[in-house]
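Hello,

Here is the structure I promised to pass on. Please open it first, then read the notes below it.

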Amino acid sequence: MGIGTGAPGHALDVERSSGHSIIRARSTDGSNRAKLILDANSQIAEIYFANNGSNKTAIYANGSGDDSLNFWSFSGKGTTATMDYDTGDWYFPFNVSGSSTSTGSFGAGYIDNKLGIGTTAPERI
């Protein structure tokens with residue numbers, strides 16, 4: 001089905017030749033949510049972000065039993081961040097700070113209580 005196009009390239013293709021192209025789901029009663037549900041039936045559910053027809057980044061949920069939320073770059077890096085579904089922990093396989101020589105130089109830090117170097121269970125403060 002095409003909205004604003006006579007030659008849709010997808011099951012639902014919305015085009016606008018001038019102004020912003022906005023798709024809205026709105027709940028107006030004040031007690032219900034507006035939702036977008038992507039159900040991929042055991043496959044990857046994903047949202048692509050493109051510029052002028054070229055895919056740049058994506059957000060996806062892997063449907064093969066790993067229910068994590070992932071961020072993807074089409075620049076050749078692949079998965080750039082993952083949030084684990086079970087723990088809520090975040091994983092960053094690349095430098096967090098953007099520095100080419102470190103994985104997170106933030107200038108200052110605060111450690112509350114105990115700091116362990118080489119151990120996950122320090123004994124003293």
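**What I found**

F74 counts as partly exposed, at 34% relative accessibility. Please keep in mind that this is a predicted model.

F74 is a good place to start, as two aromatic pairs meet there. One of them joins W72 and F74. That pair is edge-to-face, with 6.3 Å centre to centre and 70° between the planes. W72 is partly exposed too, with a relative accessible area of 32%.

The other pair joins Y48 and F74. Their ring centres are 5.1 Å apart. Their planes stand at 50°, so this pair is tilted. An angle over 60 degrees would have made it edge-to-face. Y48 has 40% relative accessibility and counts as partly exposed.

What does the Y48 and F74 pair tie together? Y48 lies in strand β3, residues 45–51. F74 lies in the loop between β5 (69–73) and β6 (78–83). The pair therefore links parts that are 26 residues apart in sequence.

These residues belong to one aromatic cluster, formed by Y48, Y60, W72 and F74. The structure holds five aromatic pairs.

Next, strand β6. T82 lies in it. Is T82 buried or exposed? T82 is buried, because its relative accessible area is 17% and the cut-off for buried is under 20%. The side chain of T82 makes a polar contact of 2.8 Å with the side chain of N70. Leaving out residues up to four places away in sequence, T82 touches S68, L69, N70, D89, W90 and Y91. So N70 appears twice here, as a residue that T82 touches and as its polar partner.

Now the chain as a whole. It has seven strands and zero helices. Along the sequence the pattern reads β-β-β-β-β-β-β.

How much of the chain is buried? Buried residues make up 10% of its 125 residues; T82 is one of the buried residues. The chain exposes about 10700 Å². Carbon and sulfur atoms supply 50% of that area.

One last figure concerns contacts along the sequence. Take the contacts in the chain with a separation of 6 or more. Residues 24 or more positions apart account for 1% of them. The Y48 and F74 pair, at 26 residues apart, spans a separation of that kind.

Best wishes

Note on methods:
Residues numbered from 1 in each chain as written. Predicted model: local features only at pLDDT ≥ 70, side-chain atom pairs only at ≥ 80, totals over all residues. Heavy atoms only, no water. Helix = DSSP H or I, 4+ residues; strand = E, 2+ residues; numbered from the N terminus. Buried < 20%, exposed > 50% of the residue type's maximum accessible area, 1.4 Å probe, protein only. Contact = heavy atoms within 4.5 Å. Areas by Shrake-Rupley, 256 points an atom, 1.4 Å probe, with all protein chains shown as cover. Phe/Tyr/Trp six-rings, centres within 6.5 Å; stacked < 30°, edge-to-face > 60°. Polar contact = N/O pair within 3.5 Å; in protein donor to acceptor, adjacent residues only side chain to side chain.
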